[in-house]
Amino acid sequence: MSEAFVDSPLGTLLIQGDESGLQRVEFIDEKIPQSENIPVALQQAVFQLTNYFDGKRKSFNLKLNPQGTDFQKRVWLQLAQIPFGKTISYLQMAKDLGDPKVIRAAASANGKNPIAIIIPCHRVIGSDSSMTGYAGGIWRKKWLLEHESPVMQHSLF
């Protein structure tokens, strides 16, 4: 499996995958220098993530190969359907999966999403619109949601 470290406005990203698809996009809290040579299998992911952070991309077109249980993969497929700039609640996610009683299992699977940003688990919030848990840290979740917000804040001065 190939890997690369990429700088982002939210810190270093670890990107892993191969010709079978992208398996991991993860925030790394320590500062690791950006990879000088990006493996061919990861170049499109790096390009599309860079465009996303530059505000030039609202969706991703990448072959994904996340590793997890069948249920986790169902949740991650559901997450991928949340449009850019929109959010849903954990309860709505469970209902969309067909059973509101799976809310805790769905939230757990959401937290184990191995492909941050591209599988947009950051778009899931509490039913009261609260910023509930995010594996990359609440501050990153807040940044990502503000980055995707259709309402742009402008300075008066």
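This passage describes the salt bridges, an annotated domain and site, and one helix packing in the structure. The model is predicted.

Salt bridges were searched for across the whole structure, and five were found. Side chains of opposite charge can pair when their charged atoms come close. Three of the pairs are described here, beginning with E26 and R24. E26 and R24 form a salt bridge in which the closest N and O atoms are 3.3 Å apart. E26 is partly exposed, at a relative accessible area of 32%. R24 is likewise partly exposed, at 29%.

A further salt bridge joins D29 to R140, with 3.1 Å between the closest N and O atoms. D29 sits in the loop between β3 (21–28) and α1 (40–53), whereas R140 sits in helix α5 (residues 138–148), so the pair ties together parts that are 111 residues apart in sequence. The two partners contrast in accessibility. D29 is exposed, with a relative accessible area of 71%. R140 is buried, with a relative accessible area of 5%. An exposed residue has over 50% relative accessible area and a buried one under 20%, so D29 and R140 fall in opposite classes.

Helix α5 also contributes E148, which pairs with R123 in the loop between α4 (103–111) and β5 (124–125), so this bridge ties together parts that are 25 residues apart in sequence. The N to O distance between the side chains of E148 and R123 is 2.7 Å. Both E148 and R123 are buried.

The annotations come next. An unreviewed UniProt entry places the feature "domain: Methylguanine DNA methyltransferase ribonuclease-like" at residues 3–65. This span is 22% helix and 35% strand. Its end C-alpha atoms lie 14 Å apart.

UniProt also lists C121 for "active site", again in an unreviewed entry. C121 is found in the loop between α4 and β5. R123, the partner of E148, lies in the loop between α4 and β5 as well. At 8% relative accessibility, C121 counts as buried, because the cut-off for burial is under 20%. Apart from neighbours within four places in sequence, C121 is in contact with L79, N110, N113 and Y134. Of these contacts, L79 belongs to the α2 side of the packing between α2 and α4, and N110 belongs to the α4 side.

That packing was then examined. Helix α2 (residues 70–79) packs against α4 at an angle of about 80 degrees, and the two axes are 9 Å apart. Angles of 65 to 115 degrees count as roughly perpendicular, so α2 is roughly perpendicular to α4. On the α2 side, the contact is made by F71, Q72, V75, W76 and L79. On the α4 side, A105, A106, A109 and N110 take part. The contact residues comprise seven nonpolar and two polar, with no charged residue.

Which residues does A109 touch, leaving aside its neighbours within four places in sequence? They are F71, Q72, V75 and W76. A109 itself is placed in helix α4. It counts as buried, at 2% relative accessibility. The C-alpha atoms of A109 and P150 are separated by 27 Å, with their positions 41 residues apart along the chain.

W76 lies in helix α2. It is buried, with a relative accessible area of 2%. W76 and A106 are 30 residues apart in sequence, and their C-alpha atoms are 9.3 Å apart in space. Beyond its neighbours within four places in sequence, W76 is in contact with A109 of the helix packing. Its other contacts are P66, Q67, G68, K112, N113, P114 and I119. N113 is also in contact with C121.

Q72 is found in helix α2 too. At 15% relative accessibility, Q72 counts as buried. Not counting residues up to four places away in sequence, Q72 touches A109 and K112. K112 is also in contact with W76.

Key:
Residues are numbered from 1 along each chain as its sequence is written. This is a predicted model: local features need pLDDT of at least 70, side-chain atom pairs count only at pLDDT 80 or more; totals for chains, interfaces and linings use all residues. Side-chain values use heavy atoms; hydrogens and water are left out. A salt bridge is a side-chain nitrogen of Lys or Arg within 4 Å of a carboxyl oxygen of Asp or Glu. Buried means under 20% relative accessible area, exposed over 50%, partly exposed in between (1.4 Å probe, protein chains only). Helices (H or I, at least four residues) and strands (E, at least two) are DSSP runs, numbered from the N terminus. UniProt positions are given in the numbering used here, feature names are shortened, and annotations may be inferred rather than shown by experiment. Axes are lines fitted to C-alpha atoms, for helices over the stretch in contact, and angles run from 0 to 180 degrees between N-to-C directions. Angles under 35 degrees count as roughly parallel, over 145 as roughly antiparallel, 65 to 115 as roughly perpendicular and the rest as oblique. Contact means heavy atoms within 4.5 Å. Ala, Val, Leu, Ile, Met, Phe, Trp, Tyr, Cys and Pro count as nonpolar, Asp, Glu, Lys and Arg as charged, and the others, Gly among them, as polar.
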